[in-house]
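Please consider the following structure with attention to how its helices and side chains meet.

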Amino acid sequence: MSVGVFCIQLDSFGLNLALPQIGRDLHAGGDGLQWVISAYLLSTGTLMLGAGRLGDLFGRRRLLVTGLAVFGASSLVCALAPTLPVLVGARVTQGAGAAMIMPVGLSLLTNVYPAELRGRATGWALGIGGIATACGPFIGGALTESVSWRAVFWLNVPLAVLGAVCASRTAESYDTTAPRSVDWSGLAGATAALAALCVVIDRGPRWPWPAALAGVAVVVALLTLFVRRERAAGHPLVALSLFRNGPYMALTLAGAAANTTTVMFLFVVPLTLQGQWDLSVVLAGTAFLAPALAMALAGPLAGRVPPRAAVRLMAGCLCGGALVLACLARTSSFTLYVAVATVGGAILGVANSLTLIATQALIRPERAGEASGVTKTVITVAAGLGVGLAGAVTDQDRGVGSEAVADTALLITASGCLAASVALAVWNRLREGMVRPDRAGGIGG
């Protein structure tokens with residue numbers, strides 16, 4: 001699981017600084033280059049929900065091994081890609097592999113570890129794998145400058161093989177409470193709705209408003225059809241009662257806000273280090289190591305948080321994240337900028353790991369893949385919003401951050417993060433003020 005997360009996150013954030021060089025090598029430019037990042041995130045966000053439940057039904061170990069194999073093979077194609085369309089197509093396939101690895105791997109950990117060790121094991125896996133989340137800009141930048149951007153993809157191949165070998169030695173795990181039949185109509189409906197939603201989020205801001213409005217209407221129609229199908233299905237792809245589990249949904253939506261903030265943080269800070277302080281790619285990556293390590297070390301800490309404290313801590317992390325982004329937009333000292341970014345890395349690292357760990361503690365283990373698929377889908381789609389905002393701060397000619405635009409994007413993201421923190425805190429206060437039922441609603445109980 002750690003190896004799988006490392007590969008997925010490296011390919012999410014390791015290419016940010018390499019886009020200008022990719023464009024020069026493949027004779028491509030303009031908006032087309034953004035698809036190198038967007039295609040991967042769109043594919044991952046679209047397919048995660050279905051993959052999580054398929055793992056529950058047909059074997060979590062089996063789908064994890066398959067996902068690692070698909071990811072490794074598509075990484076090889078990316079490394080050899082002669083043109084931008086081939087690279088983007090391979091990135092879509094990479095996203096499909098990633099969509100199997102993350103939710104299935106989380107549900108596998110939930111089922112193979114005893115309850116008292118589950119949070120810690122997941123925290124360590126996310127922390128170790130999350131090194132690539134934080135160090136991705138440095139690793140990708142260093143490899144691009146010293147070898148080639150293709151080396152980022154070459155690195156995935158042996159790592160994916162290692163992960164598949166480790167996963168194949170694990171005991172198989174299923175949802176034994178449900179028949180091994182797939183709600184294919186629900187799977188098709190969910191995939192179509194999520195694909196439309198991801199495209200509207202990623203491309204909608206560039207469309208004329210009538211086209212964007214039509215895209216939103218298509219998304220709403222597809223989601224409505226999916227919900228109607230799931231209500232009628234004997235064994236639905238996603239039990240709609242999951243969405244009535246208040247703490248689960250609160251943490252999932254808060255995690256979406258945290259993930260959007262994290263994507264903005266990971267895009268803007270390294271680019272600003274190059275733009276505002278005129279550092280080279282390698283020096284910018286080196287300066288970013290402190291925030292990177294703080295973010296990576298936060299994962300294991302989140303695994304020790306008791307479930308009853310998860311919502312309050314998440315609200316605090318969102319508030320802290322908002323303050324960090326606001327400070328970054330107003331800091332003119334290089335040393336202070338790096339120090340504030342380091343604090344931000346730790347806060348956002350806790351928030352993102354806590355989302356995945358705490359939500360798994362709120363559901364029944366046999367349906368862990370379904371729940372992790374929903375959570376990962378929501379926060380990955382939110383990451384697409386972050387990528388769209390972050391793309392606006394990049395100077396396409398120099399590949400660095402525009403200071404004025406970056407500050408505006410940081411302040412907008414900080415406002416959204418603070419609003420999410422306040423909403424979560426108010427909801428939790430109202431919930432704690434009510435008479436607690438014996439069992440929480442939803443499939444988690």
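The paragraphs below treat aromatic pairs, two individual residues and two helix packings in turn.

The model is a predicted one, and its aromatic rings offer a convenient point of entry. A pair of aromatic rings is described by the distance of the centres and the angle of the planes. The structure holds 5 aromatic pairs. In one of them, the ring centres of tyrosine 40 and phenylalanine 71 are 6.5 Å apart and the planes stand at 70°, so the arrangement is edge-to-face; planes over 60 degrees apart count as such. Because tyrosine 40 belongs to helix H3 (residues 35-58) and phenylalanine 71 to helix H4 (residues 60-80), the pair ties together parts that are 31 residues apart in sequence. Tyrosine 40 and phenylalanine 71 are both buried. Tyrosine 40 has a further partner in arginine 91, which lies over the face of the tyrosine ring at 4.3 Å from the ring centre.

A second edge-to-face pair is formed by tryptophan 277 and phenylalanine 334, with 5.6 Å from centre to centre and 70° between the planes. This pair also links distant parts of the chain, 57 residues apart: tryptophan 277 sits in the loop between helix H11 (246-275) and helix H12 (281-287), and phenylalanine 334 is in helix H15 (residues 334-360). With a relative accessible area of 32%, phenylalanine 334 is partly exposed, because the buried class ends at 20% and the exposed class begins over 50%. Ring pairs join Trp277 and Phe334 with Tyr337 in a cluster.

Tyr337 also takes part in a helix packing, that of H15 against helix H14 (residues 310-330). The axes of H14 and H15 come within 9 Å and cross at roughly 150°. The two helices are therefore roughly antiparallel to each other, since angles over 145 degrees fall in that class. Their crossing is left-handed. On the H14 side the residues in contact include Ala310, Met314, Gly320, Gly321 and Leu328; on the H15 side they include Tyr337, Val340, Gly344, Ile347, Leu354 and Ala358.

H11, at one end of the loop that holds tryptophan 277, packs against helix H17 (residues 403-433), and their axes come within 10 Å and cross at roughly 160°. That angle makes H11 roughly antiparallel to H17. The crossing of H11 and H17 is left-handed. H11 contributes to the contact with residues including Gly246, Pro247, Ala250, Ala254, Ala257 and Thr272, while H17 contributes Ala406, Ala409, Cys417, Trp427 and Arg431, among others.

Two single residues complete the picture. Valine 70 is placed in helix H4, the helix that also holds phenylalanine 71. At 25% relative accessibility, valine 70 counts as partly exposed. Apart from neighbours within four places in sequence, valine 70 is in contact with Thr93, Gly97 and Met100. The C-alpha atoms of valine 70 and alanine 98 are separated by 8.5 Å, although these residues are 28 residues apart along the chain.

Is threonine 110 buried or exposed? Threonine 110, in helix H5 (residues 84-112), has a relative accessibility of 2% and so counts as buried, the limit being 20%. Residues up to four places away in sequence aside, threonine 110 touches Arg118, Gln360, Pro365 and Ala368.

Methods
Residues are numbered from 1 along each chain as its sequence is written. This is a predicted model: local features need pLDDT of at least 70, side-chain atom pairs count only at pLDDT 80 or more; totals for chains, interfaces and linings use all residues. Side-chain values use heavy atoms; hydrogens and water are left out. Rings of Phe, Tyr and Trp (its six-membered ring) pair if their centres lie within 6.5 Å; planes under 30 degrees apart count as stacked, over 60 as edge-to-face and the rest as tilted. Helices (H or I, at least four residues) and strands (E, at least two) are DSSP runs, numbered from the N terminus. Buried means under 20% relative accessible area, exposed over 50%, partly exposed in between (1.4 Å probe, protein chains only). A charge sits over a ring if NZ of Lys or CZ of Arg is within 6 Å of the ring centre and within 35 degrees of the ring normal. Axes are lines fitted to C-alpha atoms, for helices over the stretch in contact, and angles run from 0 to 180 degrees between N-to-C directions. Angles under 35 degrees count as roughly parallel, over 145 as roughly antiparallel, 65 to 115 as roughly perpendicular and the rest as oblique. A crossing is left-handed if the near helix is turned anticlockwise from the far one by less than a right angle, and right-handed if clockwise. Contact means heavy atoms within 4.5 Å.
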